[in-house]
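The following exercises are to be worked through with the structure in view. Each task is followed by a solution in steps.

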Amino acid sequence: MDIFDVDRAPGSLDIFFSPKLRYIDRAGEETERFLEENAAGVNPFGVLLVMREALTNAVLYGSRHEEDSKIRYSLRLAAGTLTMEVEDDGDGFDWRSRSAEVPDIESESGRGMAIMTAYASGFRYNDKGNRLAVFWHCP
């Protein structure tokens, strides 16, 4: 059964959804709305680019489209920092070894960390590599 649940509160957005690529567009719409209402001064292009990269990876690699798997996505604005979190039910990946790689500009994959470095203030993975937190300092 497909799920796309949204919970909004002042300064926060939580989305829980089935691992389907089509839900990334809906998450993008919710993100744009959240940014318009809460995060003036943050570059929406960068946030949406990072969101799409992270959610695509969670759907394709983290959950591998498994029906019983779910993806959790959230945005929080607190103390001048916008925080995005993406978590999937997958086995994770070895982000430590990937962090030293320089992505091939012509490759269709492997550019996520470079994108986050270019468009966010910072990011970190949990030890397992199935949860990502990305940060933007708001002006």
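**Exercise 1.** Identify the bridge partner of D7 in strand 2, and state how strand 1 and strand 2 pair.

*Solution.* The model is a predicted one. In strand 2, D14 is the bridge partner of D7. Next, consider the pair of strands: strand 1 and strand 2 (residues 12-17) are joined by six bridges in the antiparallel sense. As a general point, the strands of a sheet pair through backbone hydrogen bonds, in either a parallel or an antiparallel manner.

**Exercise 2.** Determine the order of the six strands in the sheet, and explain why strand 1 and strand 5 each have one side without a neighbour.

*Solution.* The sheet is open, its strands follow the order 1-2-3-4-6-5, and the pairing is antiparallel. Strand 1 (4-9) and strand 5 (122-125) therefore stand at the edges: each has a single partner strand, so one side of each lacks a neighbour in the sheet. From one strand to the next, the twist averages 10°.

**Exercise 3.** State which strands helix 2 and helix 4 lie across.

*Solution.* Helix 2 (residues 44-62) lies across strand 2, strand 3 (71-78), strand 4 (81-88) and strand 6 (131-137), and runs at about 15° to strand 4. Helix 4 (residues 112-119) lies across strand 5 and strand 6, at about 145° to strand 5.

**Exercise 4.** Verify that the length of helix 2 agrees with its number of residues, and describe its two ends.

*Solution.* Helix 2 has 19 residues, and at 1.5 Å a residue it should span 27 Å. The C-alpha atoms at its ends are 25 Å apart, which agrees. At the start of helix 2, a side-chain oxygen of N43 comes to within 2.9 Å of the backbone nitrogen of F45. Just after the helix, R64 adopts a positive phi of about 50°.

**Exercise 5.** Which residues touch the most other members of the largest nonpolar core, and which element gives the most to this core?

*Solution.* The core has 34 residues, of which F17, L55, Y73, L82, M84 and W136 touch the most other members. Helix 2 gives the most, with eight residues. The buried residues of helix 2 include L48, M51, L55 and V59; its buried residues pack against strand 2, helix 1, strand 3, strand 4, helix 4 and strand 6. Finally, take F17: leaving aside neighbours within four places in sequence, its contacts include L55 and V59, as well as Y73.

Methods: Residues numbered from 1 in each chain as written. Predicted model: local features only at pLDDT ≥ 70, side-chain atom pairs only at ≥ 80, totals over all residues. Heavy atoms only, no water. Pairing = 2+ DSSP bridges. Helix = DSSP H or I, 4+ residues; strand = E, 2+ residues; numbered from the N terminus. Axes fitted to C-alpha atoms, helices over the stretch in contact; angles between N-to-C directions. Contact = heavy atoms within 4.5 Å. Core = buried A, V, L, I, M, F, W, Y, C linked by side-chain atoms within 4.5 Å. Buried < 20%, exposed > 50% of the residue type's maximum accessible area, 1.4 Å probe, protein only. Expected span 1.5 Å × (residues − 1). Polar contact = N/O pair within 3.5 Å; in protein donor to acceptor, adjacent residues only side chain to side chain.
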